[in-house]
Amino acid sequence: PPASQNNEQGSTLRDLLTTTAGKLRLGSTDAGIAFAPVYSTGAASGKSGRTMPNILDDIIASVVENKIPPNRAPKINVKSEIKEEPKDDKNCIQDDCSKRYSDIQYSWICDKHVLWLRDHKNSNNWKLFKECWKQGRPVLVSGMHKKMNFSLWKAESISLDFGNQQADILNCKDSIISNTNVKEFWDGFEDVSKRQKVKNGETALLKLKDWPSGEDFKAMMPARYEDLLKSLPLPEYCSPEGKLNLASHLPGFFVRPDLGPRLCSAYGEFALQVQQLPLPLNLERTTNLHIEVSDVVNILVYVGIARGNGVLSKSGVLKKLEEEDLDDLLRKRLKDSSELPGALWHIYAGKDADKIREFLQKIAKEQGLEVLPEHDPIRDQSWYVNKKLRQRLFEEYGVKTCTVIQFLGDAIILPAGALHQV
């Protein structure tokens, strides 16, 4: 509608439906309308002359067909198989779940801030996941590599198939990006002697970021793309065809976020990995503190064992990880010889973003750095919050770090707005 008629419209879907419904004619093809018809008619549709492609179409059609006046909020009742749960989610999650979800293998880690689903094959996982997701909490699902074709994700396999490709490679130690042949990156992935050196003679800590990504990933690596899709955790939410994957079912007039997938690989002192697939590990930072604009699932599809002079032994790496502020269950998992750690994550709730931003600006001033008003330390991804700073953040601002070790095959699912570094 013209701007003069558009004063009432808000930014939410409810506002859009409410203010537009009274102005539309069902099935209209006028160029200015917000929605195309969502009901099909004819003999194939049965007696009612309607089919309902999905829940969102049902909502839109209900509003449009009833022509609810723009000054009155719509009363929409959409039935689904997902039962509404009690409002007191926190108590339900922490106290009552053992009774209501006795058929699901799960644990709480990080002082009950992260749900760990231990059996990726359980078809009822999504029910407990929903409880946690309503709280905006991260979720860990283990064992995803058991569903994957592991040979596709080995470093040598990717190098053999795509070593002649050019890509941007980031040296995490000096933040210098170069466009180079990816074979150089993969040659040094597990052989430290073949890694590049930086100016002072140190070994470069390289990261092959978001290569390939999105449509390029699907076109370049079709077999790996299909292997990833069939191995996604909680397919009701994570699969592109999942019935609860809202982003995949948004009408065309919404701008969708980049849904990937993307491959992110990086060196580490002991292990290395892959993103959104996954994200990288090492005992130095490979991914600074930042926020994703959409929900993200990160699967650790491969952990390489580095060899060569100066590389920590497995016991040395485990000792380093044990120095972290770890939950008892994660410490126990570290001692399990069948588990292979690959990444160290520090995660913060989105509600703490302002406190963390203020803290980082304070630290920058203490260090004599210029704090420009147009610069945001989180958006700029300019900080990795080390152990000493994490302790100060808790003592001075009451913000506690959630520390998670990601093992081979683990999927970490983060809600949009959650801060994290790896």
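## Surroundings of Leu 117

Leaving aside neighbours within four places in sequence, Leu 117 is in contact with Ile 104, Gln 105, Tyr 106, Asn 125, Leu 128, Val 139, Leu 140, Val 141, Ser 142 and Leu 234. The model in which these contacts are found is a predicted one.

Leu 117 also belongs to the largest nonpolar core, which has 51 residues. Together with Val 139, Trp 153, Trp 186, Trp 211 and Ile 413, Leu 117 is among the residues that touch the most other members of this core. Helix α4, residues 125–133, gives the most to the core, with 5 residues. There is also a second, separate core of 22 residues, and its members include Cys 110, Leu 318, Leu 330 and Leu 334.

## The chain as a whole

The protein chain contains 14 helices and 13 strands. It has 422 residues, of which 48% count as buried. Among contacts in the chain with a separation of 6 or more, 66% are between residues 24 or more positions apart.

## Helix α5

Helix α5 spans residues 155–162, and its buried residues are Ala 155, Ser 157, Ile 158, Ser 159 and Phe 162. An α-helix has 3.6 residues a turn, so residues three or four places apart point the same way. The buried residues of α5 pack against three helices: α6 (182–187), α7 (214–220) and α8 (222–230).

## A cis peptide bond before α7

Most peptide bonds are trans. The bond that joins Trp 211 and Pro 212 is cis, with omega at about -15 degrees. Pro 212 lies in the loop between strand β6 (206–208) and helix α7. Trp 211, on the other side of this bond, is one of the residues with the most contacts to other members of the largest nonpolar core.

## Two residues with positive phi

Most residues other than glycine have a negative phi. Asp 111 is not a glycine, yet its phi is positive, at about 55 degrees. This residue lies in the loop between β1 (106–109) and β2 (114–117). Asp 111 counts as exposed because its relative accessibility is 55%, and the cut-off for exposed is over 50%.

Gln 381 is not a glycine either and has a positive phi of about 50 degrees. Its place is the loop between α13 and α14. With a relative accessible area of 36%, Gln 381 is partly exposed.

## The crossing of α13 and α14

The two helices on either side of the loop that holds Gln 381 also meet each other. The axes of α13 (residues 353–366) and α14 (residues 387–397) come within 11 Å and cross at roughly 115 degrees. The crossing is right-handed. On the α13 side, the contact is made by Lys 355, Ile 356, Glu 358, Phe 359, Lys 362, Ile 363 and Glu 366. On the α14 side, Leu 389, Arg 392, Leu 393, Glu 396 and Tyr 397 take part. The residues of this contact divide into 6 nonpolar and 6 charged, with no polar ones.

## Thr 287 and Lys 207

Thr 287 is found in the loop between β7 (265–266) and β8 (290–291). Is this residue buried or exposed? Thr 287 is buried, because its relative accessible area is 4% and buried means under 20%. The side chain of Thr 287 makes a polar contact of 2.9 Å with the side chain of Lys 207.

Terms used. Residues are numbered from 1 along each chain as its sequence is written. This is a predicted model: local features need pLDDT of at least 70, side-chain atom pairs count only at pLDDT 80 or more; totals for chains, interfaces and linings use all residues. Side-chain values use heavy atoms; hydrogens and water are left out. Axes are lines fitted to C-alpha atoms, for helices over the stretch in contact, and angles run from 0 to 180 degrees between N-to-C directions. Helices (H or I, at least four residues) and strands (E, at least two) are DSSP runs, numbered from the N terminus. A crossing is left-handed if the near helix is turned anticlockwise from the far one by less than a right angle, and right-handed if clockwise. Contact means heavy atoms within 4.5 Å. Ala, Val, Leu, Ile, Met, Phe, Trp, Tyr, Cys and Pro count as nonpolar, Asp, Glu, Lys and Arg as charged, and the others, Gly among them, as polar. Buried means under 20% relative accessible area, exposed over 50%, partly exposed in between (1.4 Å probe, protein chains only). A polar contact is a pair of N or O atoms within 3.5 Å; within protein, one must be able to donate a hydrogen and the other to accept it, and residues adjacent in sequence count only if both atoms are side-chain atoms. A nonpolar core is a set of buried Ala, Val, Leu, Ile, Met, Phe, Trp, Tyr and Cys residues joined through side-chain atoms within 4.5 Å.
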